[in-house]
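Open the model in your viewer and keep the selection box at hand. We will go stop by stop, picking residues and seeing what is there.

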Amino acid sequence: MIPMPPKDIQQLQRRYYQYLKLEKSFSDNTVEAYQRDLKKFTEFAEAEKINLMSPALNDFHQFSAILIDLGIHPLSLSRILSGVRSFYRFLLMSGEIDDDPTELLEFPQRPKHLPDVLTVDEVDSIMQAIDLSQTEGQRNKAMIEVLFSCGLRVSELCNLKISDLYLDEGFIRVVGKGAKQRLVPISSKAIEELRLYFVDRNAIDVKQGYEDYVFVSNRRKKNLSRIMVFHIIKELVELAGIRKTVSPHTFRHSFATCLLDGGANLRAIQTMLGHESINTTEMYLHINTIHLREELMNHHPRYMKNRSRV
């Protein structure tokens, strides 16, 4: 099948949204949710050069794999796939396609134990549970904010260096798996917490060889270990009265979920999480990081809040 011009596909999508609203009598919120879910797949199809009118079953499997890799709940994945399937059933019913490409698509089964994701209010509750009168209080507050605002792995947080911070530019350099480097936007809220923390950190007589690490232990005078971060978060979650199972990785899942639910581009989320390599030439990095920052400004609650104050 010859690919349809983008204008014709957009026209089909508008007809589909009208169908949901007028014939299916869905609420505006439900129609918007279907619209966001379909947008995720259309952006994926465009990036992979997939003909939207005749995708293969494997294309849906690849799309699902990306969402799973981002840490998206199986229930959320099922909802997104349902929205995509609904669109193709509309196309079949309208005579635009001869076969439903989603007919054999299997939906993920609900696991017995779903990984927990934190809401923005729950993250704020954890932050409020921090005792700032303690010497490590501001450090922990900056640590939580960086985890949630940047979606770092715990190992990336522990190994973050002062020389990796470009706070005036609004980015941090992260060394991920396989020593691959990426630039990640950082919110003004996280920058504020880091700068407050550096007042305390500068008073610590850090051991030789550890001077460049951002997050250090007051007692050990070295960078925080993974176990220490796990322990700190566990204590704060209990103090905040949150009954979910929360680990440092929960903040990474929450970061991705916030962006996905807000409608951010899948490729941008993948790049920020370090799931694909970044070309390190200066020109590409400049273009890429500006795009990533726009995605965060438009879709992550920490950035959206700060933007509204401007």
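In what order do the three strands form the open sheet, and is the pairing parallel or antiparallel? The order is β1-β2-β3, and the pairing is antiparallel. Bear in mind that this is a predicted model.

**Stop 1: the sheet**

Select 165-166 for β1 and 181-185 for β3. These two strands stand at the edges, each with a single partner strand, so one side of each has no neighbour in the sheet.

Now add β2, residues 171-175. Five bridges join β2 to β3. Two bridges join β1 to β2.

Show three bridge pairs:

- Leu 165 is partnered by Ile 172 in β2.
- Phe 171 is partnered by Pro 185 in β3.
- Arg 173 is partnered by Leu 183 in β3.

**Stop 2: the two hairpins**

Go to Gly 170. It belongs to the hairpin of β1 and β2, where four residues lie between the strands. Gly 170 has a positive phi near 85°.

Next, select Gly 178. Here you are in the hairpin of β2 and β3, with five residues between the strands. The phi of Gly 178 is positive too, near 70°.

**Stop 3: helices α2 and α4**

Select residues 28-47 for α2 and residues 74-93 for α4. How do these two helices cross, and within what distance do their axes come? The angle is roughly 85°, and the axes come within 8 Å. An angle from 65 to 115 degrees counts as roughly perpendicular, and α2 and α4 are therefore roughly perpendicular to each other.

Show the side chains where they meet. From α2, pick Tyr 34, Asp 37, Leu 38, Lys 40 and Phe 41. From α4, pick Arg 79, Ile 80, Gly 83, Val 84, Ser 86, Phe 87 and Tyr 88. Colour this contact by class: seven residues are nonpolar, two polar and three charged.

**Stop 4: helices α6 and α9**

Move on to α6, residues 137-150, and α9, residues 226-239. Their axes are 12 Å apart, and the helices pack at an angle of about 95°. This pair is therefore roughly perpendicular as well.

Which residues make the contact? On α6 they are Arg 139, Asn 140, Met 143, Ile 144 and Leu 147. On α9 they are Val 229, Ile 232, Ile 233 and Leu 236. By class, the contact of α6 with α9 has seven nonpolar residues, one polar and one charged.

**Stop 5: a pocket**

Keep α6 and α9 on screen. Both give two or more residues to the lining of the second largest pocket. How much space lies in this pocket? About 210 Å³.

Select the lining in two steps. Begin with Ala 129, Ile 130, Asp 131, Gln 134, Glu 136, Gly 137, Arg 139 and Asn 140. Then add Ile 232, Glu 235, Leu 236 and Leu 239.

Which element gives the largest share of this lining? It is α9, with four residues. Colour the lining by class to finish: five residues are nonpolar, three polar and four charged.

Key
Residues are numbered from 1 along each chain as its sequence is written. This is a predicted model: local features need pLDDT of at least 70, side-chain atom pairs count only at pLDDT 80 or more; totals for chains, interfaces and linings use all residues. Side-chain values use heavy atoms; hydrogens and water are left out. Axes are lines fitted to C-alpha atoms, for helices over the stretch in contact, and angles run from 0 to 180 degrees between N-to-C directions. Angles under 35 degrees count as roughly parallel, over 145 as roughly antiparallel, 65 to 115 as roughly perpendicular and the rest as oblique. Contact means heavy atoms within 4.5 Å. Ala, Val, Leu, Ile, Met, Phe, Trp, Tyr, Cys and Pro count as nonpolar, Asp, Glu, Lys and Arg as charged, and the others, Gly among them, as polar. On a 1 Å grid over the protein atoms alone, a cavity is a set of points where a 1.4 Å probe fits but cannot get out, and a pocket is an open set with protein on both sides within 12 Å along at least five of seven lines; lining residues have an atom within 4 Å of a point. Grid points are joined across faces, edges and corners, and a volume is the space filled by probe spheres set on the points. Two strands pair if DSSP finds at least two bridges between them.
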